[in-house]
Structures are given as structure tokens and as C-alpha cells.
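Hi everyone, thanks for making time for this. Let's put the structure up on the screen and walk through a few parts of it together.

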Amino acid sequence: MKLFKTTFAEFLQFEALKNQTLKEDLSELILNIADSCKGIRKILSQGYLGGDLGAVVDINVQEEDQKKLDVISNSIILEYCAKGSSVKALASEEMEKPVVVAPRSGKYLMLFDPLDGSSNIDINGPVGTIISILPSSSCGDIEQDFLQPGSNQIAAIYVLYGPSTNLVLTLGNGTYEFTLSPVEDEFFLTGSKLEIPADTSEFDINSSNYRFWEKPVRRYIEECLEGKDGARGRDFNMRWVGAMVCDVHRVLSRGGTFMYPMDEKLRTKGGRLRLMYEANPMSFIIEQAGGLASTGYQRILEVQPTNLHQRIPVILGSKNEIELINSYHIDY
Ligand code: AFP
């Protein structure tokens with residue numbers, strides 16, 4: 001029996017019939033995003049045959065090493081998305097200032113991390129692309145227009161370049177997953193209205209930062225490590241990929257927590273991960289799948305941004321586990 005496969009474009013057409021806010025120009029932008037990620041995957045899959053893609057070529061606005069593929073990925077996304085009359089401007093982890101496209105007619109603001117986890121390139125590890133789309137207000141100052149809380153997002157997408165290339169999308173009406181067919185070079189719907197289990201026995205954190213964490217996070221991780229003889233009464237497993245997209249995809253796929261909490265060596269910077277184009281889109285996707293996303297003290301999607309590249313602590317995943325971690329922060 002031929003399996004009826006829904007393409008990404010067909011899914012967007014069905015959604016547009018149900019969801020009046022999904023205008024044709026937004027669908028077109030989202031399809032351009034998917035096409036740009038197909039282009040990134042083609043370069044990634046060449047590995048060393050594509051040149052030393054993990055080579056450090058510059059220092060970016062984050063004061064972090066900018067890898068060759070960070071720059072290439074950023075250019076590919078701009079090539080596919082910085083066009084037309086519907087996009088007002090685009091902001092990227094790799095660019096200090098936004099690129100303005102249609103300052104008067106543009107309805108959408110697009111923010112992105114073109115290649116998340118780029119330190120994994122050299123070890124052939126998983127990497128990803130993260131995208132957030134905000135509505136543009138009538139605000140004259142473009143940079144100010146970007147500074148909206150994550151709850152304003154109209155779409156969030158990530159693409160995980162792993163053994164398979166998976167695209168995850170939310171438009172505010174559930175979280176959906178698509179898998180790229182290398183043969184047909186087409187994304188097909190493979191997961192609808194994904195639901196994250198409310199409980200988990202798996203945590204995900206860079207434990208080398210233990211001595212820098214705040215007490216609530218130490219308490220939570222210590223109790224997980226105590227296992228069935230401790231306060232939690234069960235053993236826990238640990239994971240850490242070093243690429244947020246892959247760690248979050250595990251949470252979405254089987255439950256768990258992903259944490260890059262505040263730590264003393266990052267306090268002056270505000271945290272490790274970026275609010276506008278990492279934490280916000282991932283939080284939107286996770287909440288739409290029944291999970292929670294918090295700084296420990298506040299729902300991430302309610303944080304009022306003050307700077308395009310600001311950083312934020314991230315604690316997200318299975319609902320009951322995040323509620324427990326939040327309660328430890330309140331006690332603290
Ligand atoms: P890179 O893109 O510089 O590799 O950083 C990836 C990341 O922003 C996020 O995807 C990871 O969860 C986190 O950093 C890993 O940070 P550590 O290297 O400190 O574990």
C-alpha cells in the first residue's frame with residue numbers, strides 16, 4: 001500500500017486552511033527557510049571534502065570563534081530569505097546588526113542561529129539551525145522592533161542535521177516534525193502534535209560547570225545522582241551533546257530536561273545561550289508540545305528583551321521535572 005506522505009508544502013497549505021494567520025507570504029518565507037536548510041545540509045554532508053568547514057575564520061559579535069561553516073550557513077539563509085516584500089529585517093547570531101530588507105512593507109522579523117553546535121563540526125557531530133519569526137510592529141526603529149518577548153512569536157523552527165535531517169515547526173497550534181528524504185530532497189510529515197512525557201529519568205547538562213551553579217540546580221542534579229536511594233527514589237541517566245538542537249530534540253522525542261543554567265563564570269554575560277534566536281524559539285516549540293521552559297525564576301517566553309544578542313539561563317523539558325526545579329529556585 002502506498003504510504004500517503006504529506007510534503008512540507010502540503011502541510012502548510014492544510015494549515016493555511018485552518019489557521020487564518022498563516023498568510024501566503026509567511027508560508028513562502030517558511031518554505032524558503034526549509035530550502036536554505038537543504039542547502040546547508042548538502043554542504044555539511046561533504047565533511048572534509050567540502051574543505052575545513054570547522055576552521056576558525058573570525059571572532060563573532062558573541063566574542064566566540066566563528067567557524068567557516070557558521071559564515072557559509074549565514075550567507076545561505078540570507079540568500080534564500082533576505083528577499084521579497086514580506087520580510088522587514090533579519091537578525092543572526094553571526095551578525096552584529098540586522099539586515100534590513102523591506103522597512104516599510106515588511107510584516108515579519110526573522111531571527112536565526114545559522115549553525116548551532118558548530119564546535120561539533122570537527123567531530124562529525126550533530127549540528128542544527130534555529131529560526132524565530134516575530135510580527136513586525138509599526139515601530140520605526142528596527143532594532144527596537146525586534147525586542148519583543150518570545151510569547152509574540154508566530155513561528156519557530158529548528159532543523160537537526162543528524163543521521164537524518166529533521167525539521168521541527170510550531171505555528172502556535174502544536175509541534176510538528178518533518179524528515180528529509182535524501183532521494184526526493186523533500187521534507188515529509190513524520191510527527192504531528194508531538195507530546196513530551198510529563199515525567200522523566202534523564203537529565204542533560206554540562207556537569208563540568210557544577211562548581212559554578214546556583215544551589216537549586218546543584219540540589220536538583222545531586223538528587224538525580226543519588227538515584228533510587230535518594231530523594232527521587234529512582235535512578236537517572238545523563239546526556240550532553242554540546243549542540244542545543246540535538247539535546248532539545250531528544251527532550252521532544254522521549255522527554256527529559258535540557259539545562260544551561262546561570263553559572264558564576266557567565267553571570268556578567270547573563271548566561272551561555274542567546275534569548276532571541278536560541279531560547280525563545282526552542283521554548284515556543286517545547287511549550288507547544290506540553291513541556292515547560294524557564295530561567296529557573298521566570299517563564300522564558302515572558303522575558304522582555306533589552307538587547308538583540310542578550311543571553312539567558314535555560315531550563316526546559318518535561319513539565320513535572322521543570323516545575324520541581326522551579327520550586328527549588330523559589331525555595332532558594
Ligand atoms: P557552539 O555553536 O559555539 O558550538 O555552541 C553551542 C551552544 O550554544 C549550544 O548549542 C550548546 O548547548 C552549548 O553551546 C554547549 O556549550 P558548552 O560547550 O559549554 O557545553
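**A salt bridge, two sheets and a helix pair**

Let me start with one contact: Lys107 and Asp25 form a salt bridge, with 2.7 Å between their closest N and O atoms. The two partners come from distant parts of the chain, 82 residues apart. Lys107 sits in the loop between strand E4 (99-100) and strand E5 (108-116), while Asp25 belongs to helix H2, residues 24-44. Do keep in mind, please, that this is a predicted model. And how many salt bridges does the count come to? The count is 23.

Since that loop lies between E4 and E5, let's move on to the sheet that contains both strands. It is an open sheet of 8 strands, and the order is E4-E3-E5-E6-E7-E8-E9-E10. Is the pairing mixed or antiparallel? Here the pairing is mixed. At the edges you find E4 and strand E10 (186-191), each of which pairs on one side only. Further in, strand E7 (residues 155-161) is paired with strand E8 (residues 165-170) in the antiparallel sense, over 6 bridges. If you want a residue pair to click on, take Ala156, whose bridge partner in E8 is Thr170.

Now for the other sheet I'd like to show you. This one is open too, with 3 strands in the order E13-E17-E15 and antiparallel pairing. Its edge strands are E13 (257-260) and E15 (292-294), and each pairs on one side only. On average, neighbouring strands here are turned by 5° against each other, direction ignored. E15 and E17 (residues 314-317) pair over 3 bridges in the antiparallel sense. Leu292, for instance, has Gly317 in E17 as its bridge partner. Which helix packs on this sheet? That is H6, which touches E13 and E17, and the direction of H6 makes about 150° with that of E13.

H6 also has a helix partner, so to speak. Helix H6 (residues 244-254) packs with helix H7 (residues 275-288) at an angle of about 15°, and their axes are 11 Å apart. With angles under 35 degrees counting as roughly parallel, H6 is therefore roughly parallel to H7. The crossing of the two is right-handed. From H6, the contact uses Met244, Val245, Val248, Val251 and Leu252; from H7, it uses Glu278, Ala279, Met282, Ile285 and Ile286. Sorted by class, that gives 9 nonpolar residues, no polar ones and 1 charged.

That's my tour, and I'm happy to take questions!

Notes:
Residues numbered from 1 in each chain as written. Predicted model: local features only at pLDDT ≥ 70, side-chain atom pairs only at ≥ 80, totals over all residues. Heavy atoms only, no water. Axes fitted to C-alpha atoms, helices over the stretch in contact; angles between N-to-C directions. Helix = DSSP H or I, 4+ residues; strand = E, 2+ residues; numbered from the N terminus. Parallel < 35°, antiparallel > 145°, perpendicular 65-115°, else oblique. Left-handed = near helix turned anticlockwise from the far one by under 90°. Contact = heavy atoms within 4.5 Å. Nonpolar A, V, L, I, M, F, W, Y, C, P; charged D, E, K, R; others polar. Pairing = 2+ DSSP bridges. Salt bridge = Lys/Arg side-chain N within 4 Å of Asp/Glu carboxyl O.
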